[in-house]
Amino acid sequence: MTAMHRKLAKVLKALGLLRYDLLVRRVSHYPRSDEVEAGELVHVVDGGVEKWACFHCPGACGAMIPLNLNPKRRPRWSVKSDWLLRPSISPSVHQQNDCACHFWIRSGRVDWCADGRPRRKVPRQHR
């Protein structure tokens, strides 16, 4: 069923009927940076326990961002996805590196905070 939802979302996007920047792919292990493809959020769930949400920064740096989903650790985020596998993350994501991006992910879209776009061009990290 998940593969069908992913294909439907991609077809709707290609037809201009759906807009998103990220789709969810669920795995049971923490991914290497090169295992996270552009346009996807990897949702790590192991033994029914949500652990990580990993994706590449939408700003200039392209660094892999791992967000902790474990409720026993701080800081932590929550991730939900709709039936077309578009993720929403709460709270916002604020990069503390040179990129300094600050954004929300809502229904698979990157929504930049007012001060959130990268202020300067930083070199992309190797993936």
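**Walking through a predicted model**

Trainee: Let's start with K51. Which strand does K51 lie in, and is K51 buried or exposed, or in between?
Mentor: Bear in mind that this is a predicted model. K51 lies in strand 3, which covers residues 49-56. Buried would need under 20% relative accessible area and exposed over 50%. K51 has a relative accessible area of 34%, so the class is partly exposed.

Trainee: Which residues is K51 in contact with, leaving aside its neighbours within four places in sequence?
Mentor: Start with a distance: K51 and S78 are 27 residues apart along the chain, and their C-alpha atoms are separated by 9.9 Å. As for contacts beyond those sequence neighbours, K51 has V44, D46, L67, N68, L69 and N70.

Trainee: Over to helix 1, residues 2-14. How far apart are its end C-alpha atoms?
Mentor: Work from the rise: at 1.5 Å a residue, the 13 residues of helix 1 should span 18 Å. The value from the model agrees with that expectation, the end C-alpha atoms being apart by 18 Å.

Trainee: Where do the buried residues of helix 1 fall, and what do they pack against?
Mentor: The buried residues there are H5, R6 and A9. Seen down the helix axis, they fall within an arc of 100°, so they line one face of helix 1. On the other side, A3, K7 and A14 are exposed. The packing partner of the buried residues is strand 1 (23-27).

Trainee: Now the open sheet with the order 5-6-7-8. Which strands stand at the edges?
Mentor: The sheet has 4 strands, with antiparallel pairing. An edge strand has a single partner strand, so one side of it is left without a neighbour in the sheet. Here those are strand 5 (78-81) and strand 8 (109-112).

Trainee: How many bridges join strand 7 to strand 8, and which residue in strand 8 does W104 stand opposite?
Mentor: Strand 7 covers residues 102-106 and runs antiparallel to strand 8, with 4 bridges joining the two. W104 stands opposite D111.

Trainee: Which residues in the largest nonpolar core touch the most other members?
Mentor: That core has 20 residues. Strand 3, strand 4 (64-68), strand 6 (87-94) and strand 7 each give two or more residues to it. F103, for one, touches residues including F55, I65 and V93, not counting those up to four places away in sequence. The residues you're after are L41, F55, I65, L67, I89, V93 and F103.

Terms used
Residues are numbered from 1 along each chain as its sequence is written. This is a predicted model: local features need pLDDT of at least 70, side-chain atom pairs count only at pLDDT 80 or more; totals for chains, interfaces and linings use all residues. Side-chain values use heavy atoms; hydrogens and water are left out. The expected span of a helix is 1.5 Å times one less than its number of residues. Buried means under 20% relative accessible area, exposed over 50%, partly exposed in between (1.4 Å probe, protein chains only). The arc is that of the directions from the helix axis to the C-beta atoms. Contact means heavy atoms within 4.5 Å. Two strands pair if DSSP finds at least two bridges between them. A nonpolar core is a set of buried Ala, Val, Leu, Ile, Met, Phe, Trp, Tyr and Cys residues joined through side-chain atoms within 4.5 Å.
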